[in-house]
Amino acid sequence: MGAAGTGDEGVILDDPMRTKGTAFTAEERAEHGLRGLLPYAVTTLEDQVRRCWGEVDRQATDLQRYVYLRSLQDRNEHLFYSVLAADVPTALPLVYTPTVAEGCKRFSELWRRPRGLYLAWPDRENLREMLRNRPHDEVDVIVVTDGQRILGIGDQGVGGMGIPVGKLSLYTLIGGIDPARTLPILLDVGTDNADLLDDPFYLGWRHRRIDDEDYFAFVEDFVAAVEAELPDVLLQWEDFATPHAAPILARYRDRLLTFNDDIQGTAAVALGALQGASEVAGTRLADQQVVMLGAGSAGIGVMEMVRQEMVDQGLSADEARARCWVVDVRGLLTTDRDDLSDDQRAFAHDPADVAGWGVEGLPGLADVVEHVTVGVLLGLSTAQGAFTEDIVRTMAAKVDRPVVFPLSNPTSNAEARPADVDAWTDGRALIATGSPFPPLAREGAADVPVAQCNNVYIFPAVGLAVTAARATRVTDAMMRAAARALGDASPALRDPHAPLLPAWADVRDVADGIALAVARRAVVDGVAPAASDDELHDAIRATRWDPAY
């Protein structure tokens with residue numbers, strides 16, 4: 001009878017952080033007792049990457065490609081990230097938006113094996129115990145959602161876990177955070193999605209969502225458990241509904257290292273694109289009249305960062321606010337409305353400001369564009385086609401380079417199609433979107449890619465920065481520093497016909513520059529230990545995880 005195995009063979013082959021699959025050398029196979037457990041041939045990581053991309057290409061749909069790549073991640077993390085890094089522009093929409101939306105919808109159907117933690121309301125007395133069940137003790141970044149406002153598809157309950165998993169993949173791919181030091185979390189507080197409640201295969205807590213009193217108490221218990229178990233972790237809030245997102249951020253932003261990507265990340269990437277657009281247009285953002293269609297947490301978050309940037313450029317708080325116009329489904333936000341939150345009320349105009357417009361009732365978007373010289377038109381409303389031809393042409397008649405950003409996700413919810421905006425403005429508009437769109441056709445010239453204001457430009461760099469700099473808070477100034485660094489990387493600054501944001505192929509390199517700017521600002525703000533630029537640069541390089549074997 002032959003000698004028994006070492007006992008390590010099954011462990012190392014099944015451990016996604018340690019396995020190399022067929023790339024184990026003959027020596028490693030002998031060392032770990034793997035002889036006979038793998039085909040004889042030894043392949044390189046590059047061979048494995050090519051084989052995997054061939055498998056991706058053979059899948060019939062993007063959803064099948066998403067499922068294959070997630071299964072690959074469960075089997076071999078190093079190979080998974082090497083595959084993504086080999087073709088970032090192709091990989092991004094497969095592992096995150098827009099494909100992740102369908103993955104969330106069909107989460108219970110597609111579920112294969114656990115990843116992350118599911119903290120359900122009925123188990124609320126055991127939150128610390130559940131946090132201790134995390135796969136790895138040391139964690140740098142948590143992404144948490146309650147699944148209520150997933151992308152543009154609404155309440156997905158436990159299916160919302162696809163978002164933290166996807167986000168953390170990008171923290172690693174773009175920001176270089178060690179995947180073993182990341183933790184996706186789903187707060188399962190029920191769902192109001194009737195289809196899910198009636199689905200016999202639904203994997204979440206089959207119950208209507210709990211009321212706000214219980215909800216905020218549960219969030220507080222969760223935060224307290226995180227503080228006790230992982231006091232230095234970066235906690236990112238993701239896809240929370242508007243009534244919850246802003247209060248949660250306000251309550252905890254000065255208590256722990258935390259930020260809300262939908263509010264602050266969306267705002268930073270939009271501001272970064274606006275910085276580039278302002279340079280190309282030859283005007284300061286502080287000199288523009290800015291209109292936002294959409295008054296949810298993301299829209300208000302963008303406008304708050306725009307207002308702060310205007311103040312940084314020399315305006316008073318009141319002067320900056322006067323240049324910001326927010327329109328929701330009812331119309332312009334005005335101070336005489338009784339349906340506004342405190343965050344929304346900060347952007348409400350005095351009815352006297354519009355009294356001379358001759359409009360009955362609340363002015364709508366078309367009225368604002370008609371009576372104000374709007375230089376920047378932003379949309380986070382999910383109202384498809386809301387930027388009509390008349391509205392865009394009216395705006396373009398008053399300014400040389402109109403800035404038009406239909407930012408709603410997914411593509412079907414965009415306020416306008418870039419090709420239409422381009423045609424209505426005779427090619428003068430500076431355009432960025434929230435979802436991917438085809439390039440703009442140019443007669444006699446190369447097609448122009450459309451910049452996509454995807455938060456992936458910002459949040460991985462922020463995670464890299466705070467981890468490397470050992471920051472204890474995420475300040476507004478740090479997020480604006482990220483936006484400015486992104487704006488400085490705009491290809492349009494070198495070529496006015498280029499897109500406003502860097503190509504996806506360059507996003508990993510751009511992240512290092514953004515991370516340095518954020519880390520530097522953390523030191524200035526006193527929320528990170530003193531360090532020189534050289535020291536911060538070295539810390540960022542040292543923090544980056546390498547997916548190679």
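Which strands does helix α10 lie across, and at about what angle does this helix run to β2? I will come back to that in a moment, after saying that what we have in front of us is a predicted model, and after going through the sheet itself.

The sheet is an open one, built from five strands that follow one another in the order β1-β3-β2-β4-β5, with parallel pairing. At its edges stand β1, residues 117-120, and β5, residues 258-260, and because each of these has a single partner strand, one side of each is left without a neighbour in the sheet. Averaged over the sheet, and with direction ignored, neighbouring strands are turned by 20° against each other.

If we look at the β1 edge, the partner there is β3, residues 182-188, which runs parallel to β1 and is joined to it by four bridges; as an example of the pairing, alanine 120 has aspartate 188 of β3 as its bridge partner.

Now to the opening question: helix α10, residues 162-173, lies across β2 (141-145), β3, β4 (234-237) and β5, and its direction is at about 155° to β2.

Let me finish with a pair of helices, α15 (residues 297-312) and α22 (residues 476-488), whose axes come within 11 Å and cross at roughly 85°, an angle which means that the two helices are roughly perpendicular to each other. On the α15 side the contact is made by Met305, Gln308, Glu309 and Asp312, and on the α22 side by Asp476, Met479, Arg480 and Arg484. Sorted by character, the residues of this contact comprise five charged, two nonpolar and one polar.

How values were computed: Residues numbered from 1 in each chain as written. Predicted model: local features only at pLDDT ≥ 70, side-chain atom pairs only at ≥ 80, totals over all residues. Heavy atoms only, no water. Pairing = 2+ DSSP bridges. Axes fitted to C-alpha atoms, helices over the stretch in contact; angles between N-to-C directions. Contact = heavy atoms within 4.5 Å. Parallel < 35°, antiparallel > 145°, perpendicular 65-115°, else oblique. Nonpolar A, V, L, I, M, F, W, Y, C, P; charged D, E, K, R; others polar.
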